[in-house]
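Visitor: Please take a close look at a single part of this model. Start from one helix and what its buried side packs against, then follow the connections outward.

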Amino acid sequence: MAVEVVPLPLPPSADKSMLADFGREVKGVNPGTLTPEQFKEIEQLLYEHSVLFFRNVDLTPEQQYTLNKAFDPTAESYGHGNNKTEGATKSILHPYLKTIPRVPQVQLIGHGTVLDHEGLASAQLKHASHKSFHKTHLSPADEAAGATRFYRWHMDAALYDLAPPRVTTLYALRIPRGPPQVCRYDDGTGAVLPVPLGTTAFVSGTIMFALLPAELKSIAVRGRVRYAPHPYQWMTPAHARADGLGMETEGLEVPLDALPEWEEAKVKVCPLLWKNPATEELHFQVHPCGVSELLIDPLPEGAKREGALYPDGAHLTDLKEVRDLLYKMQRPGIAPGLVYPHDWREKDLVLFHNRGVLHSIVGAFRDDQVRALHQCNLAASDDPAGPDADDVKKWA
């Protein structure tokens, strides 16, 4: 069967000119039984368009794992390590992931009680709520009227020891229907985004970089972030901004000497920009919640210094300064017109280039609403490639 592609069903809120190349719906093939030739076409499409989705798919956990592994054949473990998330009770991720016993690279996520599922006798699932993570909360009256928030903008990655996965797949098993909601940014801009109930929101790292003015593009191409050791435990007592894009600075993070034992060699230091392996585009890929420091290289020889920020380089360790600078760089990229909110249906399969997009959980469910999805991503066999010398020369 031939691979067919059509543009994503963008909502009225989307800036269709900006998102013209972002995402594709794929038809005509079964993603669980791709031939090698079909897979190569899907792989190229994913790196070109960042998000792919398939409707009406029947997919076993084994097939989902096999599909993920095709993008990185030597990768073996789940992105946070096999059978690690449920045991890490002090991690902010602990309540949300249930491992499929016979395929530990696949996680059951969602909301409500799921019985007798793929070897799990009973799984109590919890949809992430901004009330467990943000500094400020929507009022009960606002929530009852349909208001919601982005939970946390991120890529899927352990950000300690293990390399960030190349691709994440999400497969919808059970999706409750309900009225749409309005996602409020509550960041002083008045920005809002109409969203389907329980959407997953995606934004492009390529667009996020393209929007930056020249002086911030220079920082992006010269910059690296250092993530805190065990970042999901480090950030657990702290609070996020109201738009889910990074953290408030209140001094609440777990002290480094109070974290589980860690090694300097396993701490992740990553470029702000990750290079696409197929298109060579640069994606702004920073998980702002886990960053502790920012390192900026000096301008290359011959670069224009007038108007440049940190022309001699810098090592920023003040957490508020680091967070405020990253927020200034990333916030334009999550503007309402640049967000693709996927309207989930049962048997949807979504693949996204985890090294090219950020995404966020959105919405809130009633206690009696049950939702179930399978998630798979694999700790990569390599770390992301950053800008090369030509990129630095062009953008610095």
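Guide: In this predicted model, the buried residues of helix 2 pack against helix 1 (36-49), strand 5 (106-117), strand 8 (167-174), strand 19 (349-353) and strand 21 (371-377). Helix 2 covers residues 61-70. Its buried residues are Pro61, Gln64, Tyr65, Leu67, Asn68 and Lys69.

Three of those partners lead to a cavity. Strand 5, strand 8 and strand 21 each supply at least two residues of the lining of the largest cavity, and strand 20 (357-361) does too. Strand 21 gives the largest share, 4 residues. The largest cavity holds about 450 Å³ of space. Its lining counts 27 residues, and the closest to the centre are Leu97, Ile109, His154, Ile361 and Gln375. By class, that lining has 14 nonpolar, 9 polar and 4 charged residues.

The structure holds 4 cavities of 30 Å³ or more. The second largest has a volume of about 60 Å³. Ile361 appears again here: the second largest cavity is lined by Ala128, Ser129, His130, Glu143, Thr148, Arg149, Tyr151, Ile361, Val362, Gly363 and Ala364. That lining splits into 5 nonpolar, 4 polar and 2 charged residues.

Glu143 and Ala364 also lead to an open site. The second largest pocket has a volume of about 220 Å³. It is lined by 13 residues, and Glu143, Pro179, Gln181, Leu197 and Ala364 are the closest to its centre. The classes in this pocket lining are 7 nonpolar, 4 polar and 2 charged.

Back to strand 5. The loop between strand 5 and strand 6 contains Glu118. Glu118 is not a glycine, yet its phi is positive, about 50°. Most residues other than glycine have a negative phi. Glu118 is partly exposed, because its relative accessible area is 28%, between the 20% and 50% cut-offs. Asp186 has a positive phi as well, near 50°, and is likewise a residue other than glycine. Asp186 sits in the loop between strand 9 (181-184) and strand 10 (192-195). Its relative accessibility is 34%, so Asp186 counts as partly exposed.

Past the Glu118 loop comes strand 6, residues 120-125, which includes Leu120. Leu120 is buried because its relative accessible area is 15%, under the 20% limit. Leaving out residues up to four places away in sequence, Leu120 touches Lys98, Thr99, Ile100, Pro101, Leu108 and Leu115. Take Thr99 from that set. Leu120 and Thr99 are 21 residues apart in sequence, and their C-alpha atoms are 8.6 Å apart in space.

Now the nonpolar cores. The largest has 61 residues, and Trp153, Phe284 and Met329 have the most contacts inside it. Helix 7 (residues 319-330) gives the most to this core, with 6 residues. Apart from this core lies another, of 21 residues, among them Ala14, Leu97, Ala172 and Val357. Leu97 is also one of the residues closest to the centre of the largest cavity.

Helix 7 deserves a length check. At 1.5 Å a residue, its 12 residues should span 16 Å; the end C-alpha atoms are 16 Å apart, so the two values agree. Its buried residues are Leu319, Val322, Arg323, Leu325, Leu326, Tyr327, Met329 and Gln330. In an α-helix, residues three or four places apart point the same way, because there are 3.6 residues a turn. Met329 touches Met208, Leu212, Leu216, Ile219, Ala220, Leu272 and Phe284, not counting residues up to four places away in sequence.

Helix 5 (residues 214-222) holds Ser218. Ser218 is buried because its relative accessible area is 3%, under the 20% limit. Beyond its neighbours within four places in sequence, Ser218 is in contact with Leu299, Trp395 and Ala396. How far is Ser218 from Phe71 in space? Their C-alpha atoms are separated by 31 Å, and the two residues are 147 places apart along the chain.

Notes
Residues are numbered from 1 along each chain as its sequence is written. This is a predicted model: local features need pLDDT of at least 70, side-chain atom pairs count only at pLDDT 80 or more; totals for chains, interfaces and linings use all residues. Side-chain values use heavy atoms; hydrogens and water are left out. On a 1 Å grid over the protein atoms alone, a cavity is a set of points where a 1.4 Å probe fits but cannot get out, and a pocket is an open set with protein on both sides within 12 Å along at least five of seven lines; lining residues have an atom within 4 Å of a point. Grid points are joined across faces, edges and corners, and a volume is the space filled by probe spheres set on the points. Ala, Val, Leu, Ile, Met, Phe, Trp, Tyr, Cys and Pro count as nonpolar, Asp, Glu, Lys and Arg as charged, and the others, Gly among them, as polar. A nonpolar core is a set of buried Ala, Val, Leu, Ile, Met, Phe, Trp, Tyr and Cys residues joined through side-chain atoms within 4.5 Å. Buried means under 20% relative accessible area, exposed over 50%, partly exposed in between (1.4 Å probe, protein chains only). Contact means heavy atoms within 4.5 Å. The expected span of a helix is 1.5 Å times one less than its number of residues.
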